Amino acid sequence: MHRLRPGSFAWLVLHELRVGSRNARRRARSLWFGLILLALFTGFGIMIALGLRDVPIAGGPALYTGALAASILLMSFMTTQALLRSQHTLYESGDLDLLLSAPLEPRTILRAKLCGIAASVVLSFTLLVLPFAIPIAIFGHPGLFGIPLLLAALSLTSACLGLAIMLGVVALAGPRAARTLGQILGALLGGAVFLVSQLMSNGGGGRRSAAMSLFNWLMAHRIGTGGIGALPGRAALGDPLAAALLLGGALILFAATGYAFGRSFLASYQKARMRLSRRRAATGPVARHFRAGLFGSMFAKEWRLLARDPALAFQIVLRLIYLAPIALAAFGRGGGPPLLPALAFASVLIAGQLVGSFAWLAVSAEDAPDLLTVAPIARRQVERAKLASAMAMAAPFGLILPAALALSSPLGALATVALTAAGGACAGLIEIKWQKPAPRKTFQRRRSGSMIAGILTLLATAFFGGIAALAVFLIG
Amino acid sequence: MAMTDSALRIRGLSKAFDKPVITGLDLEVAGGELYALLGPNGAGKTTTLRMVTGLTRPDAGSIHIFGIDALADPLAAKAVTAWLPDEPMLYDKLTPSEYLGFVAGLWQIPPAEAAPEAERLLKWLELWESRETRCETFSRGMKQKVALAGALIHRPRLLILDEPLTGLDAAMARAVKDALREAVDKGATVVVTTHILEVAERLADRIGIIGNGTLLAEGTLEELRAKAGSDKMTLEDAFIALTRSPG
């Protein structure tokens, strides 16, 4: 870094990359796990490469369309990440005050930030794609060296799109709402491909992956078989003109974004640093906030903290949307779905995950653990109150499927409610047992703190779900 | 249970992390006293207070709060104690009223008793107009006042504060100092650590100077001056003299 001119664009980019790599650094155990996984991927990639050594890989409509479908999917995930990173840059990164107070052009800072966003976006996909692509390229298919160029072009474009969407949200919704809306949009974009593919596969009568559904649709509409649509495929196979066009286009977009959004980025940041919470007029006495028992106080606190963090609440509900088709699919294969046992199984699984999520927020993500420690209440009592709060918050969701079940089998619904409660309690207890302090905003990454809790929760809820399904099946 | 008039009695307290932090500390604070604990950075002031409040388990020694053995019966000791650290223990998404409601719930104060006290504290600390605004919008001083209200809502007999004036402007600092003095006047006992020697000089009934994990000197300002060797010393001079040549 010392060889670069301090304050230059390259110097700032290097700073961004260094900070980004430190943010991404995990504990040694996770690092080793990642390295072993990478080595396995690479080994698997080499085996495939050796198998494909003498197999010609030639371009054609199907391959080009496949590459386009893969690029679209990658872009959707990359744009999601870029949007969330842009939101983080505007609202949570602590260094923009310092950078903007330095005698540097805001546009230069914005471009360096964009590079940081693009680098963080490309990293995760590089680790997934390149262990396969590079060995295949080395062993007889040098054209595939175009894949890293394609990834670079996609990540640059995604970074620009993510930032543009975020700045657009700030402009349209205002800085306070944009903070939450950015997260919700990110979660929606991430889930959109999954949900759309579910709808498409259900519409077609069979279950296909998102990529396959998209591929079939593109093939049917002859998109990607030639012309601009074939550019990603051509670039991935080493066509220098296609690679140059895509990368050049991405670089132009990158430069244009830096130029066009320089001023609005600064304005958005200044707005974002303003007061971000609504100031409510103070009226009436305070007595309504005081409750008699520990559970009442704890539930009120947990409920308010969740209700006032809509992005977090949305993430939790979105997870349920993902889980629902998976849970039903487990019973949906072959010979028509036995609907009632499937509903019972899904009820326990969904409620268990929900209680687990709420319990994690209440226990591991407690904002003021010292306050609870200095209070004259036994730790076990506090944990019981938190578990009860988590279960109470999940209860309205946990009763939806048993209510549907009750229309056909009231006794089955009763059994499902009992087992849903048992599964939920078990999930909550697992979170309490394997609690690891973490900030609420790391909810999405909470399993990096305790993977055991995640696995056990899934096993426990699946176990109780299985019993519920069996009970409903036997009750009839 | 009540074997002594001491509000806080510490005997032979020891704690080591990577290296010994507190070694055989003896300390006694009388009821109704405002006691300032001073010491250089890393002297073990915060560790001592965290052990008193039950946040850190000592390796050895005993802690009695109004005669209650805080290690044997921590819940009884906590019921009469309040802790206010330098970083307020708040929930940013809660309003001051809601926060006080939660703290009152933790200390199991009946709502009929806690709600009027909360109103009194909010008005007294000039938080009444902001009682329905989330703490996330508050300045550090405002947050510290909310935390102070939380510490006082259950009418603790022993109030322990770690650097309560850090980051406060003059008006806020005055409000907190007044609050502490008033709490003492109403019969509470206050133990406070501070780097601002003027606060200890003007506010404290007795001052303890801690260094190298033990109590180096203790007494009124006059007694400390005498121990340091001159009646005309400021507390700052006495503090430097005593911490430079322990014992």
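**Exercise 1. Find what joins strand 1 to strand 2 in chain B, then rebuild the sheet around them.**

Step 1. Start with the turn: a hairpin of 3 residues links strand 1 of chain B to strand 2 of chain B. Helices (H or I, at least four residues) and strands (E, at least two) are DSSP runs, numbered from the N terminus. Before going on, note that this is a predicted model, where local features need pLDDT of at least 70, side-chain atom pairs count only at pLDDT 80 or more, and totals for chains, interfaces and linings use all residues. Residues are numbered from 1 along each chain as its sequence is written, while chains are lettered from A and ligands numbered from 1 in the order in which they are written.

Step 2. Count the bridges. Two strands pair if DSSP finds at least two bridges between them. Strand 1 (residues 6-16) and strand 2 (residues 20-30) of chain B are antiparallel, with 7 bridges. Leu13(B) has Leu25(B) as its bridge partner, and Ala16(B) has Pro20(B).

Step 3. Look at the other partner of strand 1. Strand 4 (residues 60-65) of chain B runs antiparallel to strand 1 of chain B, joined by 5 bridges. Here Ile10(B) is bridged to Ile63(B), and Arg11(B) sits opposite Ser62(B).

Step 4. Add the last strand. Strand 4 and strand 5 of chain B are antiparallel over 2 bridges, and His64(B) has Asp69(B) as its bridge partner.

Step 5. Put the order together: the 4 strands make an open antiparallel sheet, 2-1-4-5 in chain B. Strand 2 and strand 5 (68-69) of chain B are the edges, each pairing on one side only.

**Exercise 2. Compare two residues with positive phi, Phe66(B) and Arg222(A): is each buried or exposed?**

Step 1. Place them. Phe66(B) is in the loop between strand 4 and strand 5 of chain B, a hairpin with 2 residues between the strands. Arg222(A) is in the loop between helix 8 (210-220) and helix 9 (231-236) of chain A.

Step 2. Check phi. Phe66(B) is not a glycine, yet its phi is positive, about 50°. Arg222(A) is not a glycine either, and its positive phi is about 55°.

Step 3. Count neighbours. A residue is buried if 20 or more other C-beta atoms lie within 10 Å of its own, exposed if 12 or fewer, and partly exposed in between, with C-beta atoms placed from the backbone. Phe66(B) has 22 such atoms, so Phe66(B) is buried. Arg222(A) has 12, so Arg222(A) is exposed.

**Exercise 3. Work out which residues of helix 4 of chain B are buried, and what covers them.**

Step 1. Check the length. Helix 4 (residues 111-124) of chain B has 14 residues, so at 1.5 Å a residue it should span 20 Å; its end C-alpha atoms are 19 Å apart, which agrees. The expected span is 1.5 Å times one less than the number of residues.

Step 2. List the buried residues: Ala114(B), Ala115(B), Ala118(B), Leu121(B) and Leu122(B). They are on the same side of helix 4 of chain B because they cover an arc of only 130° around the axis. That arc is taken from the directions from the helix axis to the C-beta atoms.

Step 3. Turn to the other side of helix 4 of chain B, where Ala112(B) and Lys123(B) are exposed.

Step 4. Find the cover. It includes helix 3 (96-106) and helix 5 (140-152) of chain B. After helix 4 of chain B comes Glu126(B), with a positive phi near 55°.

**Exercise 4. Describe how chain A and chain B touch.**

Step 1. Count both sides: 31 residues of chain A are in contact with 38 residues of chain B. Contact means that the C-beta atoms of two residues, placed from the backbone, lie within 7 Å.

Step 2. Name the contributors on chain A. Helix 11 (294-307) and helix 14 (369-374) of chain A each give two or more residues, and helix 11 of chain A gives the most, 6 residues.

Step 3. Sort the chain A side by class: 16 nonpolar, 5 polar and 10 charged residues. Ala, Val, Leu, Ile, Met, Phe, Trp, Tyr, Cys and Pro count as nonpolar, Asp, Glu, Lys and Arg as charged, and the others, Gly among them, as polar.
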